Amino acid sequence: MKRVAKPVFFIVLVVILAFTGIVFFGVHTQYGDFTTTVIRGVGDIRWGIDIRGGVDVTFTSPSDYDATDAEVDAAKSIVETRLVANNITDYEVYVDYGNDKIIVRFPWQAEDESFDPEEAVKELGATALLTFREGSEKSLEDGQTYEDLPLILTGSDVESATAVYRQKDNSKEYEYMVSLKLKDSGKDKFAEVTERLSSTSPKGYISTYMDDNCISVATANEKISGGEATISGSFTADEAKELADQINGGALPFKLETSSFNTISPTLGTGARDAMALAGVIAFAIIAVFMIVLYRLPGFVAVIGLIGQVAGTFFAITGFFPFSSSFTLTIPGIAGIILAVGMGVDANVITGERIKEEINSGKTIDTAIATGYKRAFSAVFDGNITMIIVAIILMGAFGTPDSLASTILKPVFFMFGASTEGTIYSFGYTLMVGVILNFLFGILSTRLMTMSLSRFKIFRNPVLYGGKSAKKRAAENAAVTEGGASK
């Protein structure tokens, strides 16, 4: 059995406390009125919509219409365009191709007392108004709007739009473009306008509008008479696909229907969050007292390990470093943290009991600690692995279709379609992270600290490990021996 040096306890303690302080308070630098976040703290947590309030809505195609994947992508793009147009940038949009569903979540608009979530959802799901107009926004005079630009075509005149990678005209270079195919209703009108605009000096523009937002401005370089045109503009692959989706969305043959709609008040959400946070702090304090009273020194060390476990969980939630992705914390996510702490307590209780049993059986302090951790590990391992499996299943079943857990479990859940539910996913995530950290802080770090403290003479008393004193054990053994002799 390898002995652990005395300073190990203090090294591990300082590391855990320093790590906890940084995780909870973060590191920020101030220069004048500008604050730079070096390391995110708890104050930088991205709260879920169930806490800060917001809207959770699922759109679908009409029951009698089977939308293609391209049409679903187009509808998703339209929803995103309208969210941004309404200054809602912190949103979540997912698609379920198997059931033609678009799941949308966006937060309650801060400091907007007139915000009407039902009207916002109605606006998001309305059929997009796609128009092609002669000219550009630069040609508008004061007081004029896009409607003052001459109308060329509408979305009903578009058959399809596709992102393509083609060779530039009179060049060996290739670039991403949007290939546009028109219906018969728009071919003649488009040919007449492109012929006229391409003959002017400078050449005229054709602007594409989605509702009242300009999404593209193209130069009419030549007459287009075949009903097929390309829109170029130094696009990336993603930009070309996004524009094609937006154009296709304006030509959707169906209107999005609302299959589910939920709202939550920000007052209710923050109240529940604060209540759960307070309950967690009170519960942690009670647990700390319980562990120290019942298991003495191992209990004290266990509390330090639990602090590290909680700090590690928030480390994974905040993203810690500004360049890493943060995780949205919901109310069930807070419950996951509390449950994971409970698993950590359970691990330490099992270990504490094993150490106590070994000491009471007459083992030395060093042997009791080593044997106690060894005997407890299998039970702790089984319980924690079970919880991790449950957490992964929850994340796979209720995560976004492109998440790692959903991808891994796709062969199992493919027949059910996407059931994205961010709050349950958050619960699974915090539970999984907390249980994994329990191995690091609840087993490894506590073992090192306990074995380190046992090297000090002052901590060689069996009573400090929850066991009986040598004198009391001797008295009990003598009583047992005497009782056996009298028989």
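## A nonpolar patch to start with

Let's begin on the surface, where Ile 22, Val 27 and Val 38 come together as a nonpolar patch. Their combined accessible area is about 180 Å². Ile 22 belongs to helix H1. With a relative accessible area of 32%, Ile 22 is partly exposed, because the partly exposed class runs between the buried limit of 20% and the exposed limit of 50%.

## How confident is the prediction?

Keep in mind that you're looking at a predicted model. The average pLDDT of the protein is 82, and 85% of the residues score at least 70.

Which element has the highest mean pLDDT, and which the lowest? Helix H1, residues 7-25, takes the top spot with a mean of 93. At the other end is helix H13, residues 470-486, with a mean of 60. Helix H1 is also the home of Ile 22 from the nonpolar patch.

## A patch of negative charge

The surface has a patch of negative charge too. Its members are Asp 116, Glu 118, Glu 119, Glu 123, Glu 147, Asp 148 and Asp 212.

Take Glu 147 as an example from that group. You'll find Glu 147 in the loop that runs between strand E7 (130-134) and strand E8 (151-154). Is Glu 147 buried or exposed? Its relative accessibility is 54%, so Glu 147 counts as exposed.

## Salt bridges: a buried pair

Now for some charge pairing. Side chains of opposite charge can pair when their charged atoms come close. Searching the whole structure turns up 15 salt bridges.

One of them joins the side chains of Arg 105 and Asp 56, with an N to O distance of 2.9 Å. This pair ties together distant parts of the chain: Arg 105 sits in strand E6 (residues 101-107) and Asp 56 in strand E4 (residues 54-60), 49 residues apart. Where do Arg 105 and Asp 56 stand, buried or exposed? Both of them are buried.

## Salt bridges in and around helix H8

Helix H8 (residues 331-360) holds both partners of another salt bridge, Lys 356 and Glu 353. They are three residues apart, which is about one turn of the helix, and their closest N and O atoms are 3.9 Å apart. The two partners fall into separate burial classes: Lys 356 counts as buried because its relative accessibility is 16%, while Glu 353, at 26%, is partly exposed.

Arg 375 and Glu 357 form a salt bridge as well, and here the closest N and O atoms are 3.4 Å apart. This one links distant parts of the chain, with Arg 375 in helix H9 (residues 365-398) and Glu 357 in helix H8, 18 residues apart. Arg 375 is partly exposed at 37% relative accessibility, and Glu 357 is partly exposed at 36%. These two don't work as an isolated couple, either: Arg 354, Glu 357, Glu 358, Lys 363 and Arg 375 are linked in a network of salt bridges.

## Far along the chain, together in space

Some residues have a lot of sequence between them and still meet up in the fold. How far apart in space are Lys 468 and Asn 360? Their C-alpha atoms are 6.1 Å apart, although 108 residues separate them in sequence. Lys 468 lies in the loop between helix H12 (422-453) and H13. It counts as partly exposed, at 31% relative accessibility.

Gly 280 and Ile 334 make another such pair, 54 residues apart in sequence and 8.8 Å apart from C-alpha to C-alpha. Gly 280 is part of helix H7 (residues 266-318) and is partly exposed, with a relative accessible area of 22%.

## Backbone details to look for

Have a look at Ser 201 and Pro 202, which are joined by a cis peptide bond with omega of about 0°. Pro 202 is in the loop between helix H5 (184-198) and strand E11 (205-210).

Which residue has a positive phi of about 55° although it is not a glycine? Asp 100 does. Asp 100 is placed in the loop between strand E5 (92-96) and E6, and it counts as buried because its relative accessibility is 9%. Arg 296 also has a positive phi, near 55°, without being a glycine. You'll find Arg 296 in helix H7, where it is partly exposed with a relative accessible area of 35%.

How values were computed. Residues are numbered from 1 along each chain as its sequence is written. This is a predicted model: local features need pLDDT of at least 70, side-chain atom pairs count only at pLDDT 80 or more; totals for chains, interfaces and linings use all residues. Side-chain values use heavy atoms; hydrogens and water are left out. pLDDT is the predictor's confidence in each residue, from 0 to 100. Helices (H or I, at least four residues) and strands (E, at least two) are DSSP runs, numbered from the N terminus. Patches are made of residues with over 30% relative accessible area and no salt bridge: like charges are joined within 9 Å, nonpolar side chains (Val, Leu, Ile, Met, Phe, Trp, Tyr) within 5 Å. Accessible areas come from the Shrake-Rupley method with a 1.4 Å probe; for residues, only the protein chains shown count as cover. A salt bridge is a side-chain nitrogen of Lys or Arg within 4 Å of a carboxyl oxygen of Asp or Glu. Lys and Arg count as positive and Asp and Glu as negative; His and the chain ends are not counted. The place of a charge is taken as NZ of Lys, CZ of Arg, CG of Asp or CD of Glu. Buried means under 20% relative accessible area, exposed over 50%, partly exposed in between (1.4 Å probe, protein chains only).
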